[in-house]
Amino acid sequence: MTDDDNEVGRRDFLRRAGVMGLGVALGGRLPAPLGRASRSPNEKVVVAVMGLNGRGLVHAQNFARLANSEVAYLCDVDTTVLGKAMNATRQARAPKAIEDFRRALDDKSVDAVSIATPDHWHAPMAILALKAGKHVYLEKPCGHNPREGELLVAAAQRYGKHVQQGSQQRSSARTIEALQMIREGVIGKPYLVRGWYANTRGGIGHGKPAPVPANLNYELWQGPAPRTPYHDNVVHYNWHWFRRWGTGEICNNGTHEIDIARLALGVDYPTSVTSTGGRYHFDDDWEFPDTQDVTFEFAGGKTIIWQGQSCNGLKPFDRGRGTAIYGTSGSMVLDRDGYLLYDVKQKLVKENLEPKKGNGLELTGDDAATSMHMENLLGAIRTGETLRAPIADAAKSVHLCHLGNIAQYTRHKLRTDPANGRIVGDADATRYWSRSYAPGWEPTV
């Protein structure tokens, strides 16, 4: 069987059983689709891609090659990045290159936007897109803080547009199969999930004030964030490790494993959150822990533990990232390549893995699941297909990650309301619920 045959088989599986299977795996937890779509299944969907360094280029290339999809705009505040993306995005009609994303929002022919900007832009940009009548594909995390997640969910509901979070493992056929098996009792009652991410990142040094590069619109890059002078160790990737723009490793990568953990256990919001860790590996400007263990406790005796190792790549279960799901009669190790199923005596009962092992630590993260996840959004726009990571549900996983950060900031256990994830009786922790914004940029619904 060829790679093309495998791809057709995966897509056929998802079309026939993927959405239904994921709904069963989640116990019917996916929100109902939006109102009936009136478009043809073959109608072209026009997309604008915003933020093109790294992951954003994957967005552009996928939307350009998917059937009946066209990239009309490539948007980036760095002209060098924009030029590279223009050269690397292949389709019959070349997209327009723009610096200010608002030009694309003004174009009524654009149906959807795909956002892969720095985290501080995610929710504000997505909300502006929804107000402009666009559907949204949004990289995780869906917001810079818990309040932005709440606003985005409210905006999607108010404006009646689809928002698909980039939690692409939900579109993996093997993950859908694994979650359905767990829901059907293959490991008994699941009670604990351990998720992890292990990498060997270097330090970022101590940044120095520097002239803004001529190719960068730093004012628009900062956007909603309070203004600060340009430093030489921030743009383009190291912003992840500064609280002004980024959200740390737990939101950057832990979002994926915590999402799978939450789905496996069938939980939403915790009753308590604790975090331990610190910045151990380098003396530099990095403002988040490089080593972090976060424990989320839920009603019904269920627990998620996430282990972040930004700078020590020792791999649990010989995987750089993944989840281990423990049940009363067995266990499962699940990652982007598939799963291993064990009985309670650790005997391997079943395995279903990709023939060729992927690299879950690769920054751009292009894979079949990403393409199928984007195709799922296109199907939702055209025919009302059920989204696999609708923001109303996927935002809950990001919310847990923010709670993990807040527990780390405060250095004490958080008590949370399992009905809505809100912090209970803790003024110190609640001050991290939102942020201050640059004048004119605060998101509103």
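## Packing exercises on a predicted model

Ala123, Pro124, Ala126, Ile127, Leu130 and Lys131 in α5 touch Glu148, Leu151, Leu152, Ala155, Ala156 and Tyr159 in α6. The model you're looking at is predicted, so treat these as exercises on computed values.

**Exercise 1. Work out what kinds of residues make up the α5–α6 contact, and how the two helices are oriented.**

Step 1: Sort the contact residues by class. You get ten nonpolar, no polar and two charged residues.

Step 2: Look at the axes. Those of α5 and α6 come within 10 Å and cross at roughly 10°.

Step 3: Apply the cut-off: angles under 35 degrees count as roughly parallel. α5 and α6 are therefore roughly parallel to each other.

**Exercise 2. Now do the same for α6 and α11.**

Step 1: Find the residues that meet. On the α6 side (residues 146–159), pick out Pro146, Leu152, Val153 and Ala156; on the α11 side they meet Ile391, Ala392, Ala395, His399, His402 and Ile406.

Step 2: Sort them. This contact has eight nonpolar, two polar and no charged residues.

Step 3: Check the geometry. The axes of α6 and α11 (residues 391–410) come within 9 Å, crossing at roughly 170°. That makes α6 roughly antiparallel to α11.

**Exercise 3. Decide whether helix α2 is largely enclosed or not, and find what covers it.**

Step 1: List the buried residues of α2. They are Arg55, Gly56, Val58, His59, Ala60, Asn62, Phe63 and Ala64.

Step 2: Compare with the helix length. Eight of the eleven residues in α2 (residues 55–65) are buried, so the helix is largely enclosed by the rest of the structure.

Step 3: Look for the cover. For the buried residues of α2 it includes β1 (45–50), β2 (69–75), β4 (112–115), β5 (135–138) and α10 (368–383).

**Exercise 4. Find the hubs of the largest nonpolar core.**

Step 1: Start with the 48 residues of this core; Met50, Val136 and Trp221 touch the most other members.

Step 2: Ask which element contributes the largest share. Helix α5 (residues 119–131) does, with six residues.

Step 3: Zoom in on Val136. Leaving out residues up to four places away in sequence, Val136 touches Val113, Ile115, Ala126, Ala129, Leu130, His162, Val163, Gln164 and Leu377.

Step 4: Look for another core. A second, separate one has 37 residues, including Ile250, Met332, Leu341 and Ile423.

**Exercise 5. Is Thr323 buried or exposed?**

Step 1: Place the residue. Thr323 lies in strand β11 (residues 321–327).

Step 2: Check the accessibility. At 2% relative accessibility, Thr323 counts as buried.

Step 3: Find some neighbors. Among the residues Thr323 touches are Trp196, Glu257, Ile260 and Met332.

How values were computed
Residues numbered from 1 in each chain as written. Predicted model: local features only at pLDDT ≥ 70, side-chain atom pairs only at ≥ 80, totals over all residues. Heavy atoms only, no water. Buried < 20%, exposed > 50% of the residue type's maximum accessible area, 1.4 Å probe, protein only. Helix = DSSP H or I, 4+ residues; strand = E, 2+ residues; numbered from the N terminus. Contact = heavy atoms within 4.5 Å. Axes fitted to C-alpha atoms, helices over the stretch in contact; angles between N-to-C directions. Parallel < 35°, antiparallel > 145°, perpendicular 65-115°, else oblique. Nonpolar A, V, L, I, M, F, W, Y, C, P; charged D, E, K, R; others polar. Core = buried A, V, L, I, M, F, W, Y, C linked by side-chain atoms within 4.5 Å.
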